[in-house]
Every structure is written in structure tokens, then in C-alpha cells.
Amino acid sequence: MPEFVSLQDVSLNYDVSESSLALSGTTMSIKRGQFAAVVGPSGCGKSSLMKLVTGLKRSTSGTVSVAGNKVNGPLKIVGMAFQNPTLLPWRRLLSNLMLPLEIVQPHRGRLRAHRDEYVERARDLLRTVGLEEFEDRYPWMLSGGMQQRANLCRSLIHEPELLMLDEPFGALDAFTREELWGVLQSIWMTKKFTTILVTHDLREAAYLADVIFVMSARPGRVIATHPVDLPRPRTIETTFDPHFIDIVHKIRNEIAQVRNEGKAAAARTLKAV
Amino acid sequence: MTSRNRRRLEVAFPWIVITVLLVTWQAAVVALDIKPFVLPSPTAIFAAFVENRGPIMQHALFTLTSTMSGFALGVLFGVTLGVVIGSSRLVYVGLYPVLIGFNSIPKVAIVPLLVLWLGIGQPTAIATAFLLSFFPIAVNIATGLATVEPELEDVLLSLGATKADLLFKVGLPRAMPYFFASLKVSITLAFIGAVIAETIASNDGIGYLMLQASSQFRIPLMFAGVFVIAIMGIVTYLIFALIERRMTGWATRGRDMQVASGG
Ligand SMILES: Nc1ncnc2c1ncn2[C@@H]1O[C@H](COP(=O)(O)OP(=O)(O)OP(=O)(O)O)[C@@H](O)[C@H]1O
Ligand SMILES: [Mg+2]
């Protein structure tokens, strides 16, 4: 399989006047159709990484490339979903879902003439997440979990080649979250879009991903890569598999260690000052 | 049942307040024997209105035309300015002090200048109404645009959205509740502007009528003018409040819509 997303020795500095880097020497590569997860301590630059890959931010040094092309402006093919669902309160659910179609080519040009076909597509997606009865509701009439399902649908409606998820299930209760893992996995297994998922939940990473990247404390870089070779479709039962528990345990220890190193480094700089 | 009664009371209450106010006023004037040229009674004011209804309505129409023209210009300019300020940080930083400064000037002070440029009459009234009404609209549109969630912007940009897409799909719809709220404020300010200009430099309009009435000591007629302005102000305000409720029910998360439909 060819590689789809690749970062070569990338660093990012938000504030040019300061020498503090958000990312430094990050290298990773993700194959086409692969599901990757990124984990690491808070503030290590995971969200920044997402911005670099989608071209919303330029790297300070190093190269980012997607689908063989160097990224130097916002990509136009990406589906994105964040922890905050950001649905538009003045649009009904169905129309919220169709928003990307009004922007991305070639759908944008075809939408008017082929409206029925696209509405059908949106309804299909709503069905897969169990929201088919709510298409005429406004987002603020839905629960947080329902809004997050809709948000996931919105990021998928234009069948993106690259799906970027930044803690999409972070604000949900454990049961809803696990249910949505299953939903996301089954959509991914049929469409096989390349996915990068940022999460704090190590079980979530191990459940969903083919490969997990562990990042160090700020300035972030990849310190370990764990392939997850558990068979699919994975279920909640899989999470009790000794091999699964092993992977989660190992990553947990790595993050605990980099957090401690990060704290020690911060303490040293404090003392130096 | 109780909630329906409460709703009825809510509808009736403004009328009760106005009636009580007028009755107290009338009683006070009669009981204390206040002279009409100091404070005329409501009945005397009404009599003056009936007696002069022809000219009053004519002048009122004139004021209404000036107000609405100035207001329409204010909306056009205010929206444009708001969009420009709200979409560019640089323009925002550059223009904000100028705008604040401009808004601090009492507009009465500008009317003589406007007379110099536009002469005595309707153009000056329209210009004054315009100058008072555009500012709240511009500020509110700009606020609406500037408070779009950055995450939503990221989502749309990574879909290949242009600046225009962001403006029309997200920015402007988001700014609508702010916009309609500002219309209510602006229409009232436009009335004030038009009447101020008419009292200073006009031969028509309610402002002129009141100035004339005052110089002739026809105090009841003056008060009739005040009432006509107030009523026009209330009616236009209510119209815009109604439009606001219709257009932006989502901003109040449907609370108003429920009241309107559920009763
Ligand atoms: N817009 C910005 N301007 C300046 N610094 C920023 C900006 N955004 C993030 N940073 C800094 O970059 C570092 C990485 O931030 P980032 O949001 O990528 O972390 P994260 O790994 O996503 O954290 P979390 O897990 O808490 O979401 C942080 O130390 C943060 O202070
Ligand atoms: Mg983050």
C-alpha cells in the first residue's frame, strides 16, 4: 500500500519571536485507507498536528505531504470533526449534513440538479447512526450524543479521502462513546477512507486504529508506533482480549513516562529561571 | 388555564399601564388646576390633535418618509460596513477608534454642517436619520461575524470554502439575530435624527410643527406632536420586533415560537 499522509521531520512554532516549539522533529507516515490514532499528553501538539496535515497551518520546518503532494494551503478533500459538534443552529439536521456538499466540488456544482440523490445519501448516513427520525429537527433540539453523531455524518457526507477526528467522542458518556466506536468502525470498513483520530482514550485508540502513534510532551514528536493487529470487526468483547489489554497497558506506561519527563523538564527550566 | 390567563394579562398589561397613566395625568391637571400652557390635559391634547389632524398627519407622513429613507440608507451602509469590519482584523483595528469617535459626537452638533451642505429641508433630515441609525447595525453585524467558532471555520476551510462561502453560509446567518436586534434600536434612533433635523432646519415634519406650535404658545398642539412621534416609534419598533421573532427563532432556541404557537 502506498503512503497517503507523510510528515518528515516537521516542527511548528506558533510564535516566531519565541523559541518554544509546539512540535519538533515529528515524523510519521500513514498508508492509504489506514486508520491511525494519535495519543499523547495534553498540550503535546495533537491538534496542531491536525492543522498541519489539513494545511490550515504551515509547518515551520520539514515537509507535510498528502496523497503524494506537498501541503501548502488548506486541503479541499478533508472531512473534519471536533469535540464541539459546531452544527449550525439555524439549519435543520438534514440541511446541516448537506453543508459540505454546498462547498466541495464536484458536489457543489451538481447539488441543485441532483438534490434528491444527495438527500438520499444524507438519509442513508443518518440511518447508519440511528438519527433517521430526526432529520427535521434543529440541532439544539438534540442531545449532545445525537449532535455528535450528526457531526460525524457531516464529516463523511462528501465521502472524503481523509477523515480527521479530534477527540470527537470526548464529551460523551462511556456507553454512547462505545456505541459510536462501533458505528464509526462499520462506516470505515465499508468506505475505507484514511483516518487520523486524536484521542485521550487509549481503549478508543486500540479499538478503532490500525496503528497508534504515541507523542512526547511538548514539544511533541512521535516516540513510539504501535500496530494493532486485532481482527475486525472489533467488538466490546475485543477490549477484554489479553492482547488488547496488553497494548493499552504498554501505551499507558509510555505516556505516563513522557508526562513525568515533561514535568521534570519544566521544573528544571523553572529552577534555571 | 392559569398560563392562558397569564398570557392574556401580558397582552393587556401595557394598555392598562397607559390608561392608568393618562387617567392620573388628567386627574392631576384638573385637581391641581394646572394651566394648559404649562401642562395640558390628555383630553386637551386629543382635542388639539382632532382639530389639527389634517396638518399633523401631513407633517407626520413627511417625518416618516425622512426617517424611513435615512433608515434604509443606514441599513445598507451599516451592513456593508459591518461585513467589512467583521471579516478583516486589519480593518477592524484601523476603523474602530474612528467609529467610536464618530459615535461620540452628538449629532445635533452636525446638523448645521449638514444644512450647509444639503440645505434646509428633507435631505438634511434624511442624512441625520442615516447618521444616527447606521452605527448600531454595523457594530452588531461585525460582532456576529467575529464570533463564528474557529472550529467551524476550520471544518469549512478544509473543505475548500472561500471567504465568500464562510460569509454567506455561516457569518451572515449567524449575525442575523444581532442584525434584527439592532434594527429595533436603529429605527428609533432614525426617528430621533429626523425630528432633531426638522426642529433645526426644515419647513415640514413633526419637528417643525412642534417648533411652530411652541413659538405660538400652542402647547396642546406641541404635545399632540410628541404623542404622534411616540406612536410612530412604538409601531415601527413592534413591526421590527415581530420580524425579528419570525426570522431568528433559532437564536432563542424556539422559546418564542413555542409561546406564539402554544399559547
Ligand atoms: N493558536 C495558538 N497560538 C499559540 N500557541 C498555541 C496555539 N495553539 C496551540 N498552541 C500551543 O501549542 C501547544 C500544542 O497545542 P495543541 O492544541 O496542539 O495540543 P493538544 O495535544 O491538542 O492538547 P490537548 O490534548 O489538550 O487537546 C500547546 O502548548 C499550546 O499552548
Ligand atoms: Mg487538542
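**Figure 1. Chain B, seen whole, has contacts dominated by residues far apart in sequence.** Count the contacts in chain B with a separation of 6 or more, and 74% of them turn out to join residues 24 or more positions apart. Keep in mind for this and the other views that the model is predicted. As for secondary structure, chain B has 11 helices and zero strands, so the run of elements from the N terminus on reads α-α-α-α-α-α-α-α-α-α-α. The C-alpha trace of chain B spans about 75 × 60 × 30 Å along its principal axes. Of the 263 residues in chain B, 41% are buried.

**Figure 2. Chain B splits into two domains.** Domain 1 takes in 1–27 + 40–51, and domain 2 covers 53–253. Take the centres of these two domains over C-alpha atoms, and they sit 29 Å apart. Where the domains touch, domain 1 of chain B puts in nine residues and domain 2 of chain B puts in 10 residues.

**Figure 3. Helices α6 and α8 of chain B cross.** Here we zoom in on α6 (residues 122–146) and α8 (residues 163–200) of chain B, whose axes come within 6 Å. The crossing angle is roughly 155°, and since anything over 145 degrees counts as roughly antiparallel, that is the label for α6(B) and α8(B). The crossing of α6(B) past α8(B) is right-handed. As for what fills the contact of α6(B) with α8(B), its residues sort into 19 nonpolar, 10 polar and two charged.

**Figure 4. B:T124 sits in helix α6 of chain B.** Is this threonine, B:T124, buried or exposed? B:T124 counts as buried because its relative accessibility is 0%, and the cut-off for buried is under 20%. Setting aside the neighbours within four places in sequence, the residues in contact with B:T124 are B:V111, B:L114, B:V115, B:L118, B:G119 and B:A197. One of these partners, B:A197, falls within the 163–200 range of helix α8 of chain B, the helix that α6(B) passes in a right-handed crossing.

**Figure 5. Helices α5 and α6 of chain A run roughly parallel.** Over in chain A, the view takes in α5 (residues 144–156) and α6 (residues 174–191). Their axes come within 11 Å and cross at roughly 15°. Angles under 35 degrees count as roughly parallel, which is why α5(A) and α6(A) get that description. α5(A) passes α6(A) in a right-handed crossing. Who makes the contact? On the α5(A) side they are A:G145, A:R149, A:L152 and A:L156, and on the α6(A) side A:T176, A:E179, A:L180, A:L184 and A:I187. By type, the residues of the contact of α5(A) with α6(A) come out as five nonpolar, two polar and two charged.

**Figure 6. A:F244 is a buried phenylalanine in chain A.** Which helix holds A:F244? A:F244 belongs to helix α8 of chain A, which covers residues 242–272. The relative accessible area of A:F244 is 1%, so with buried set at under 20%, A:F244 is buried. Leaving out neighbours within four places in sequence, A:F244 is in contact with A:R203, A:A206, A:Y207, A:L230, A:T238 and A:T239. Take A:L230 from that list: A:L230 is 14 residues away from A:F244 in sequence, while their C-alpha atoms lie 7.7 Å apart in space.

Conventions. Residues numbered from 1 in each chain as written. Chains lettered and ligands numbered in written order. Predicted model: local features only at pLDDT ≥ 70, side-chain atom pairs only at ≥ 80, totals over all residues. Heavy atoms only, no water. Helix = DSSP H or I, 4+ residues; strand = E, 2+ residues; numbered from the N terminus. Buried < 20%, exposed > 50% of the residue type's maximum accessible area, 1.4 Å probe, protein only. Contact = heavy atoms within 4.5 Å. Axes fitted to C-alpha atoms, helices over the stretch in contact; angles between N-to-C directions. Parallel < 35°, antiparallel > 145°, perpendicular 65-115°, else oblique. Left-handed = near helix turned anticlockwise from the far one by under 90°. Nonpolar A, V, L, I, M, F, W, Y, C, P; charged D, E, K, R; others polar. Domains from an automatic or database assignment.
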